[in-house]
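Trainee: Before I rely on a model like this one, I would like to understand how each label is earned. Could we go through the terms one by one?

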Amino acid sequence: MADPNLPPVGRQPHIRSVIASKLADGYPWYGDVTGYEIVNGQQVGGDRWTREQTATLIKLGMDPLTCKSMMVRRQSVGQEVYIGLGNLPAVFEFECPVIKAVKGGRIKVIAPNGCFKFVLPDGWGHRPFRRPRDEHESYVQGRILGVGGSASRPIYDTSRGPR
């Protein structure tokens, strides 16, 4: 399996790609960064915290200059950065204020949109994909033909887990 710890391409994409079902709480990994530069379509640099993170820190009575923080990483989705087949997704990395460690080893942080999120102790926002995409991934005949609904089993394995 490939190592997903690729060098980060930036903090977040300059053009946001948001799915409607993710808008209930605002998309957690997007925030308003000030002072950034655009490098290859990605936001790089800028202020330490997003506007939303700063507002949440102030509401909680925490000092934005001295609070504990950690670098959080996430892999991009296909709509954010095109990587082609046979490659691992690009990685975004940003700093998040730490609220506390919780049972199970997860860490509660303030995501770039100002909401609370639980991340893994190694800094990943979710367990990273370790297998590059191939041409048959996400190909499900039932989904294409509209047969079987959500209970139908895929023809090809789309779990991206170890084999």
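Trainee: How do you know how many cavities of 30 Å³ or more the whole structure holds?

Mentor: This is a predicted model, in which local features need pLDDT of at least 70, side-chain atom pairs count only at pLDDT 80 or more, and totals for chains, interfaces and linings use all residues. Residues are numbered from 1 along each chain as its sequence is written, and side-chain values use heavy atoms, with hydrogens and water left out. A cavity is a set of points, on a 1 Å grid over the protein atoms alone, where a 1.4 Å probe fits but cannot get out, and its volume is the space filled by probe spheres set on those points, which are joined across faces, edges and corners. The search finds 1 cavity of 30 Å³ or more, and the largest holds about 40 Å³.

Trainee: What makes a residue part of the lining of the largest cavity, and which residues are they?

Mentor: A lining residue has an atom within 4 Å of a point, and for the largest cavity these are Arg11, Gln12, Val33, Thr50, Phe94 and Pro112. They divide into 3 nonpolar, 2 polar and 1 charged, where Ala, Val, Leu, Ile, Met, Phe, Trp, Tyr, Cys and Pro count as nonpolar, Asp, Glu, Lys and Arg as charged, and the others, Gly among them, as polar.

Trainee: Why are S5 and S6 called paired strands?

Mentor: Strands are DSSP runs (E, at least two residues; helices are H or I, at least four), numbered from the N terminus, and two of them pair if DSSP finds at least two bridges between them. Strand S5 (residues 91-101) and strand S6 (residues 107-110) have 3 bridges in the antiparallel sense, so they meet that rule. One bridge partner is lysine 108 in S6, which faces lysine 100, and in the hairpin, with 5 residues between the strands, glycine 104 has a positive phi near 90°. S6 is also joined to S7 by 4 antiparallel bridges.

Trainee: What makes S4 and S7 edge strands?

Mentor: The open antiparallel sheet has the order S4-S5-S6-S7, and strand S4 (69-75) and strand S7 (116-119) each pair on one side only.

Trainee: How do you know that helix H1 packs on this sheet?

Mentor: Contact means heavy atoms within 4.5 Å, and helix H1 (residues 51-60) touches S5, S6 and S7. Its direction makes about 5° with that of S5, with axes fitted to C-alpha atoms, for helices over the stretch in contact, and angles running from 0 to 180 degrees between N-to-C directions.

Trainee: Where is confidence lowest and where is it highest?

Mentor: On pLDDT, the predictor's confidence in each residue from 0 to 100, helix H2 (residues 141-145) is lowest at a mean of 43, and S6 highest at 93. Over residues 139-153 the pLDDT is below 50. Where pLDDT is low, the predicted coordinates should not be read in detail.

Definitions and conventions. 1 Å grid on protein atoms, 1.4 Å probe; cavity = no way out; pocket = protein on both sides within 12 Å on 5 of 7 lines; lining within 4 Å.
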